[in-house]
Amino acid sequence: MKLQKLLSMVRRCDADFDLIETGDRVAVGLSGGKDSLALLHALAAYRRFCPHPFELCAVVIDAGAGCDFSPLYPMCEELSVPLYVVKTDIAPIVFKERKEKNPCSLCAKMRRGALDGKLNELGYNVLALGHNADDLVETFLLSMLYEGRLNTFHPKSYLDRAGIKLIRPLLYVREKETAAFVRENNIPVVVNPCPANGFTERETMKSLIDEMCKITPDAFERTHSALTHPERNNLLKK
């Protein structure tokens, strides 16, 4: 996948949902995975022609799980993006002290808290996360099947207590496209050593989507379109 195509989808998402405003100071939550790496490269390039000038940095939360983030430093330097690594004890707390059977929720909350704290310290008002089109559809299915709610995350939301705007510029980009982007551009990916990686309910939703597409090849695209065009909804009202 070429940078130009990735940029076009990020620009469309920004235009559709007014993600970035003039003067925003945007911090990418950089995990070192394919999605956040693709997002960082897209936003670094987008600075050159975005109609609303903004600043950009990258923030890594080191959960204390033994990840090697060293390849990210030269990459960020090449992109002219400041990189900040926040060291924490999240992994030991979640897996050794608490021994969580379902660790994802607690881990996500602790990571978000560390991110919010660092953004406030640095004076950045926007947190950009690498959630993609697949994440959007999977979250909808998880909510519907496990909670009985028609719900998913939003392209833009506000964390009032932290004073931070949260944006997700990759919501028009498929996971396979971010994977292709980092592979074709030889971008170093940080391996996730999390014991729960690959064994979550989200993985079950990926399998469900694959089965849906065997029956209806356009099932993913139609579900994604329904979520990104809420004006088409015609649900029951009491």
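In the predicted model, Arg-222 and Asp-218 are joined by a salt bridge, with 3.9 Å between their closest N and O atoms. This pair still satisfies the criterion because the cut-off for a salt bridge is set at within 4 Å. Arg-222 is exposed, its relative accessible area being 55%, and Asp-218 is partly exposed at 39%.

By the same rule, the count of salt bridges comes to 15. One of these links Asp-24 to Lys-165, and the closest N and O atoms of this pair lie 2.9 Å apart. Asp-24 is located in the loop between helix H1 (3-17) and strand E1 (25-29), whereas Lys-165 belongs to strand E6 (residues 164-167), so the contact ties together parts that are 141 residues apart in sequence. Both partners are classed as buried: Asp-24 has a relative accessible area of 5%, and Lys-165 has a relative accessibility of 4%.

A further salt bridge is formed by the side chains of Glu-121 and Lys-118, at an N to O distance of 3.1 Å. The two residues are three positions apart in helix H5 (residues 104-122), so about one helical turn separates them. Their accessibility classes are not alike: Glu-121 is exposed, with a relative accessibility of 59%, while Lys-118 is buried at 16%. The value for Lys-118 falls in the buried class because that class covers relative accessible areas under 20%.

Salt bridges also occur in a network, in which Lys-34, Glu-138, Glu-175, Arg-202 and Lys-206 are linked.

Notes:
Residues numbered from 1 in each chain as written. Predicted model: local features only at pLDDT ≥ 70, side-chain atom pairs only at ≥ 80, totals over all residues. Heavy atoms only, no water. Helix = DSSP H or I, 4+ residues; strand = E, 2+ residues; numbered from the N terminus. Buried < 20%, exposed > 50% of the residue type's maximum accessible area, 1.4 Å probe, protein only.
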